[in-house]
Amino acid sequence: MTTPNIPTRQRYGSGDESAGDWVLLHKRELLWALVALAAIVGGFWFYERSQSLKSQRAESAYFQARQSATAGNLPLAVSDLRKVVARYEGTRAGTQAALSLAQTLFDQKKFKEGIDELKKVEAKAPEDFRASIHVLEAAGYEELKDFTAAAEQYKLASMATPFPVDKAKYQAGAARDYMAAGKSDQAKAIWTELAKDESSPEAAEARVRLGELTAKPMTT
């Protein structure tokens, strides 16, 4: 008597129904994975939405603070701008408020105070604002006659900007301040580099300044 030909049971992972079997076996794990994915997507959306709303509020607060300055009420402008800077640190509007605050303080001859406000926002400011921050700090140091510190800020501005024309302009500013500080070697090094680039708008001045720095006093 022959043995009936009974089809063997399909092994797990093979055949048309294996995917469905796997889903049934791992239903709980799949459910938790979908929940986790939904949480991630929802969290990302919420973060982006909250950041957008924060930026909008910051812009509104900044322009309201600017109205005080435009009206000539400098004490109120300083107070309002400080609130915007403190509340919206790291945002574009918060950084703009810091720049406006520093300029308002400079207008009142409070240069050291203005520089201090700028230094508070340096680290968290958006990258495209950093060159402007350093340039304004340099202007404050120039008013304080601290030309060495001003030169250092111009150098930082030149490193922060992605634009070659602005980079050369800030380097020239650093060289002028080094000359004003009596630091001829530092100034000469910068002017020498600027003079090499014939396409630079600062090249002509660089050659003139190098002539001034290298000229020997005439003997009588």
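How much surface does the protein chain expose, and what share of it do carbon and sulfur atoms supply? The protein chain exposes about 14,600 Å², and 57% of that comes from carbon and sulfur atoms. Keep in mind that this is a predicted model.

So what is the chain built from? There are ten helices and zero strands, and from the N terminus on the elements run α-α-α-α-α-α-α-α-α-α. Of the 220 residues, 31% count as buried. Looking at contacts between residues at least 6 apart in sequence, 43% join residues at least 24 apart.

Helix 5 is a good place to look around. This helix covers residues 111–121, and its buried residues are F111, G114, I115, E117, L118 and V121. Seen down the axis of helix 5, these buried residues fall within an arc of 160°, so they line one face of the helix. As a general point, an α-helix has 3.6 residues a turn, so residues three or four places apart point the same way. Here's what the buried residues of helix 5 pack against:

| Packing partner | Residues |
|---|---|
| helix 3 | 74–87 |
| helix 4 | 92–107 |
| helix 6 | 127–143 |

Now for a single residue: is T161 buried or exposed? T161 is buried, with a relative accessible area of 6%. You'll find T161 in the loop between helix 7 (147–160) and helix 8 (164–180). The side chain of T161 reaches the backbone nitrogen of F163 at 3.2 Å. Leaving out residues up to four places away in sequence, T161 touches A131, D166, K167 and Y170.

Note on methods. Residues are numbered from 1 along each chain as its sequence is written. This is a predicted model: local features need pLDDT of at least 70, side-chain atom pairs count only at pLDDT 80 or more; totals for chains, interfaces and linings use all residues. Side-chain values use heavy atoms; hydrogens and water are left out. Helices (H or I, at least four residues) and strands (E, at least two) are DSSP runs, numbered from the N terminus. Buried means under 20% relative accessible area, exposed over 50%, partly exposed in between (1.4 Å probe, protein chains only). A polar contact is a pair of N or O atoms within 3.5 Å; within protein, one must be able to donate a hydrogen and the other to accept it, and residues adjacent in sequence count only if both atoms are side-chain atoms. Contact means heavy atoms within 4.5 Å. Accessible areas come from the Shrake-Rupley method with a 1.4 Å probe; for residues, only the protein chains shown count as cover. The arc is that of the directions from the helix axis to the C-beta atoms.
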